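Subject: Structure for your review

Dear colleague,

I am handing over the structure below, and after it I set out what was found. Please read the notes with the coordinates open beside you.

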Amino acid sequence: FIFHVGPPKTGTSTIQYGLTKLSNELASKDSYIYLGKSNGGQLQNNETALAAHYLLFELDAGSLKHVGTQLQSRLKWHYKKGNHVIISVEHFSSGIHSKEGWEVFLSLLKDWNVRIVITYRRYYEWIPS
């Protein structure tokens, strides 16, 4: 499980675009499933992209609702299949703000070997972009 987090202006959109464009190849050749960052659009790997940025709001409320239960279902399915999952959400750079939210989030990932990838960009480099 690869979880990519990057604050705004750190290339997150470019990474997400590349993952979306290569989602079919990543799935078919390496069993890496990108679950996307979208408003429910279809990815090239036949996954429906998650509106994962809404997951943070659900976690802050301390429970899984629409996006969270959808993610939970997809994670269980891919875990059973032996697939690797990639999620990229820049909104997570602001963090989960409740203890309950962290408990719920960690329960989603309890079976996975999680690698967190954080992108960073110096503040003074934001202005030119």
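Apart from its neighbours within four places in sequence, P7 is in contact with T12, S93 and T119. This comes from a predicted model, as does everything that follows. P7 belongs to the loop that lies between strand 1 and helix 1, and with a relative accessible area of 25% it is partly exposed. From P7 to G62 the C-alpha to C-alpha distance is 23 Å, with the two positions 55 residues apart in sequence.

A second loop residue that you may wish to look at is S31, which sits between helix 2 and strand 2. The phi of S31 is near 60 degrees, a positive value in a residue that is not glycine. As background, most residues other than glycine have a negative phi. S31 is partly exposed as well, at a relative accessible area of 29%.

Turning to the sheet, four strands form an open arrangement in the order 2-3-1-4, and the pairing is parallel. Strand 2 and strand 4 (115-118) are at the edges with a single partner strand each, so one side of each has no neighbour in the sheet. From one strand to the next, the twist averages 20 degrees.

Strand 3 (residues 84-88) deserves a closer reading, since four of its five residues are buried, and it is therefore largely enclosed by the rest of the structure. Strand 1 (residues 2-5) runs parallel to strand 3 and is joined to it by three bridges; within this pairing, I2 stands opposite I86, while the bridge partner of F3 is I87. Strand 2 (residues 32-34) is also paired with strand 3 in the parallel sense, again over three bridges, and here Y32 stands opposite H84.

Two helices lie across these strands. Helix 1 (12-21) crosses strand 1, strand 2 and strand 3, and its direction is at about 145 degrees to that of strand 3. Helix 2 (residues 23-30) lies across strand 2 and strand 3, and runs at about 155 degrees to strand 2.

Which residues of helix 5 are buried? In helix 5 (residues 99-108) they are G101, V104, F105 and L108. Seen down the helix axis, these buried residues fall within an arc of 100 degrees, so they line one face of helix 5. For the general background, an α-helix has 3.6 residues a turn, so residues three or four places apart point the same way. On the other side of helix 5, K99 and L106 are exposed. The buried residues of helix 5 pack against strand 1, helix 3 (55-60) and helix 4 (66-81).

Finally, there is the matter of enclosed space. The structure holds one cavity of 30 Å³ or more, and about 30 Å³ of space lies in the largest cavity. The lining of the largest cavity is made up of F1, F3, L55, L71, L75, I87, F105, L108 and L109, and the elements that give two or more residues to this lining are helix 4 and helix 5. Several of these names have come up already: F3 and I87 are bridge partners between strand 1 and strand 3, and F105 and L108 are among the buried residues of helix 5.

With best regards

Conventions
Residues numbered from 1 in each chain as written. Predicted model: local features only at pLDDT ≥ 70, side-chain atom pairs only at ≥ 80, totals over all residues. Heavy atoms only, no water. Buried < 20%, exposed > 50% of the residue type's maximum accessible area, 1.4 Å probe, protein only. Pairing = 2+ DSSP bridges. Contact = heavy atoms within 4.5 Å. Arc of directions from axis to C-beta. Axes fitted to C-alpha atoms, helices over the stretch in contact; angles between N-to-C directions. 1 Å grid on protein atoms, 1.4 Å probe; cavity = no way out; pocket = protein on both sides within 12 Å on 5 of 7 lines; lining within 4 Å. Points joined across faces, edges and corners; volume = space filled by probe spheres on them.
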